[in-house]
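Reader: I am in my first year, and I would like to learn how the words used for a protein model follow from its values. Could we go through one together?

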Amino acid sequence: MMAIRELKVCLLGDTGVGKSSIVCRFVQDHFDHNISPTIGASFMTKTVPCGNELHKFLIWDTAGQERFHSLAPMYYRGSAAAVIVYDITKQDSFHTLKKWVKELKEHGPENIVMAIAGNKCDLSDLREVPMKDAKEYAESIGAIVVETSAKNAINIEELFQGISRQIPPLDPHENGNNGSIKLGKQTTQTTRRCC
Amino acid sequence: RNYYGGNWASFSFSGLCSWIRENKQKRDVREESDDWRKLILETEEAISLNMKDNTIQHIEYICYANQDLAEDVNEAGALRKLSAFGVSDNGEATQGSEKECQPVESQSLGPESCEVSPESITCNDPESATERSDAEMTSESENLCDATSDESALEKGKMENASTAETAALEPKKITYTQIVIEGRRFNIDLVSKLLYSRGLLIDLLTKSNVSRYAEFKNVTRILAFQEGRVEQVPCSRADVFNSRQLTMVEKRMLMKFLTFCLDYEQHPNEYEDYKEYKFSEYLKTQKLTSNLQHFILHSIAMVSEADSGTIDGLKATKKFLQCLGRYGNTPFLFPLYGQGEIPQCFCRMCAVFGGIYCLRHSVKCLVVDKESGRCKAMIDHFGQRISAKYFVVEDSYFSEKTCTNMCYRQISRAVLITDQSILKTDSDQQISILTVPPEELGLPAIRIIELCSSTMTCMRNTYLVHFTCSSTKTAKEDLEPIVQKLFSLNSETERESENEGGPEKPRVLWALYFNMRDSSGIDKNSYDSLPSNVYVCSGPDCELGSDYAVKQAETIFQEMFPNEEFCPPPPNPEDIIYDGDGTQTEDPGFSNSSNVITKPSPEENSGGDGDSNQFSEEQHEE
């Protein structure tokens, strides 16, 4: 049986660049022009094979908290990868990439895999950000880069495959959760009391 | 503010240093413009709010660690700036290097072995690098291997491993201030120090609302006591009692008998009926318990005051402690990974997922009250934006002295230490401990100490983060430094070496912070001068160990606003959420004049006015 590894991926990028659309396309293979700001889903999941492992992506959306720069450090905890999205038709959204990378540097875990997605590549008539700029920047920070279109399903799968390939092989020491406790409703009520 | 949770927040080391600077700065707010007054109509009046938080006083920090290099060192970021990703044979190089590193790895890596420190690459500070522990060396060399297949780097890594391996484990690692600064982001230093009772209200709330999915916890591993100048472990579970080497057979039987009785003391009223009017400490004396056991029960298990807690209070507290045992581990307490400051963020995340809007870096100038109805209509922020809402939840510290006339606040004395060893060394260096130190003089408050190890993700490897808390009688430093001196050595590196003759070696303090925090809990709403009825005041953190007060307060405020709604209901399954067909997306940057910027999901979501109430969520701690 193939081992399933859960990998948290956090999405970053300005409001309106298509973060949620990318997840929606990847997870549900669906695109909605009027996607409402991500409500109700804390994260979406999709499992893809990678070598002799299965990677179960837990993709965290910003829940709109990027809008007022109110993403909390907690959002980044334990992420294996970050997808930073900009809109190829909006130079501004590319400028702010650096700001998101800085955030990651401050709050993100070490060795996080970074992927830059230049979304809306179906609108290349309106392009403001040359592919070359994105490539150069990505290289300088050691990130993967692809241009995507959530609308036309271009490079979405490839984006996540790229991430999968960059995930380091499972460290034997990393097994388990180093003794931490997750609370859940189904918590085993061991009534092993003191006396 | 650029952080969540107000006085419930936690900070990285550099974050804490800026917090200190901010609080020390006496900013004159009056010079700021009064333009916002123009936004207030004739039929309205303003309640102006404090622009500066006055809840923190008497901040003092002292660095005891070696500071020689500390001038222009910066906190290292998480990301390594390497283009190794592009190298095609990267995989091979990694595997090869892993083999090289393995022998050292297996001997030195603790439970957080997955933690590597790429700082060592980015930091251009060779001197501190040579002082690093072997564990860090390992990860450093591993990193180097991993990042590049350069042979010399591999060699260097191996050599360093070899040279440090011998001295490992014997000496406590010498940590310099520079290292603390560089590794600053590994610290998550809470302004309040609390634990979660494993059957307490906060755990119930977290699990019921499923907010718990955003947090992970560690069980506190030890309950400690401080008697006759010595720190010792308190046996409290059945297994602990039987395995204890410090208790005699007779004591074991006495303790078991008494604890068993406490678990259902209500069933045996004749055992304590006659002592109801007595203090718990006096009652304990009447039981067949040695003074050693009385100390354990009074100070470490019941954690009640010797001077003024009655028998019933003590029995109740002991029972609560015992009931919490065994749910998640051998002690009754849990601590959140990355610190208590995660908890407010977790609630905020859940709220945001259901459409709540958060705004950091906005301060609030005033509340706008309609003269005729006497109700609050809006608030004005420091950009001069007017935001309307139906309900306002405001933390106490936002109100100016004018609103809080004759208010008499208690204070909390706090100290935070970064130390190099545990106060009670054992085989494992990854312990989370709580110690209650009774007061020197009867009637003074007890001091609560919580020591956190690096696997709680609140401090860097080879250090401990130690929190001191008590209700203030003087300044924090005056209240707490005497006990700090009893438990720790405050000497600098050089002094220590000369003094190091005889006597058990105390852990060293590397860095210490003292401050007083206002305790606004327990203040009656009516004490605030003429507030509109739709303004709800919530307090800052209280001094207790648990968070019951905050949870109850949040629920009370919520019920006053929405009497027919459930407080923090379980979230619906994402699949059950149906979106409104006409839920249009707003392109404007958020705060239009109304609060309805949120596209509301269908009735499945308990919409109970979230959209209206969340505007103040920034100040709504714990709720």
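Author: Gladly, and we can begin with burial: of the 623 residues of chain B in this predicted model, 58% count as buried.

Reader: What makes a residue of chain B count as buried?

Author: A residue is called buried if its relative accessible area is under 20%, and 58% of the 623 residues of chain B meet that condition. Chain B also exposes about 27400 Å², of which carbon and sulfur atoms supply 47%.

Reader: How do you know which strands are the edges of the open sheet in chain B?

Author: The sheet has 8 strands in the order β3-β18-β14-β17-β16-β15-β7-β8, with mixed pairing. The edge strands are β3 (56-63) and β8 (230-233) of chain B, since each pairs on one side only. From one strand to the next, the twist averages 20°.

Reader: What makes β15 and β16 of chain B a pair?

Author: Two strands pair if there are at least two bridges between them, and β15 (residues 433-437) and β16 (residues 447-452) of chain B are joined over 5 bridges in the antiparallel sense, so the condition is met. Within this pair, Val437(B) stands opposite Ile447(B) of β16(B).

Reader: Which helix lies across this sheet, and at what angle does it run to β18(B)?

Author: That is helix α15 (residues 476-487) of chain B, which lies across strands including β3, β14 (410-419) and β18 (509-519) and runs at about 145° to β18(B).

Reader: Why are α8(B) and α17(B) called oblique to each other?

Author: Helix α8 (residues 201-209) and helix α17 (residues 548-561) of chain B pack at an angle of about 50°, with their axes 8 Å apart. Angles under 35 degrees count as roughly parallel and those from 65 to 115 as roughly perpendicular; α8(B) and α17(B) are therefore oblique. Where they meet, Leu201(B), Leu202(B) and Leu205(B) of α8(B) face Asp548(B), Val551(B) and Lys552(B) of α17(B), in contact.

Reader: How confident is the predictor in chain B, on average?

Author: The pLDDT of chain B averages 78, and 73% of the residues score at least 70. Over residues 81-169 of chain B, however, the pLDDT is below 50, although this stretch has 114 contacts in the model beyond near neighbours in sequence. Residues 581-623 of chain B likewise stay under 50, with 101 contacts beyond four places in sequence. Where pLDDT is low, the predicted coordinates should not be read in detail. For the complex, the predictor gives an ipTM of 0.90 and a pTM of 0.82.

Key:
Residues are numbered from 1 along each chain as its sequence is written. Chains are lettered from A and ligands numbered from 1 in the order in which they are written. This is a predicted model: local features need pLDDT of at least 70, side-chain atom pairs count only at pLDDT 80 or more; totals for chains, interfaces and linings use all residues. Side-chain values use heavy atoms; hydrogens and water are left out. Buried means under 20% relative accessible area, exposed over 50%, partly exposed in between (1.4 Å probe, protein chains only). Accessible areas come from the Shrake-Rupley method with a 1.4 Å probe; for residues, only the protein chains shown count as cover. Helices (H or I, at least four residues) and strands (E, at least two) are DSSP runs, numbered from the N terminus. Axes are lines fitted to C-alpha atoms, for helices over the stretch in contact, and angles run from 0 to 180 degrees between N-to-C directions. Contact means heavy atoms within 4.5 Å. pLDDT is the predictor's confidence in each residue, from 0 to 100. Angles under 35 degrees count as roughly parallel, over 145 as roughly antiparallel, 65 to 115 as roughly perpendicular and the rest as oblique.
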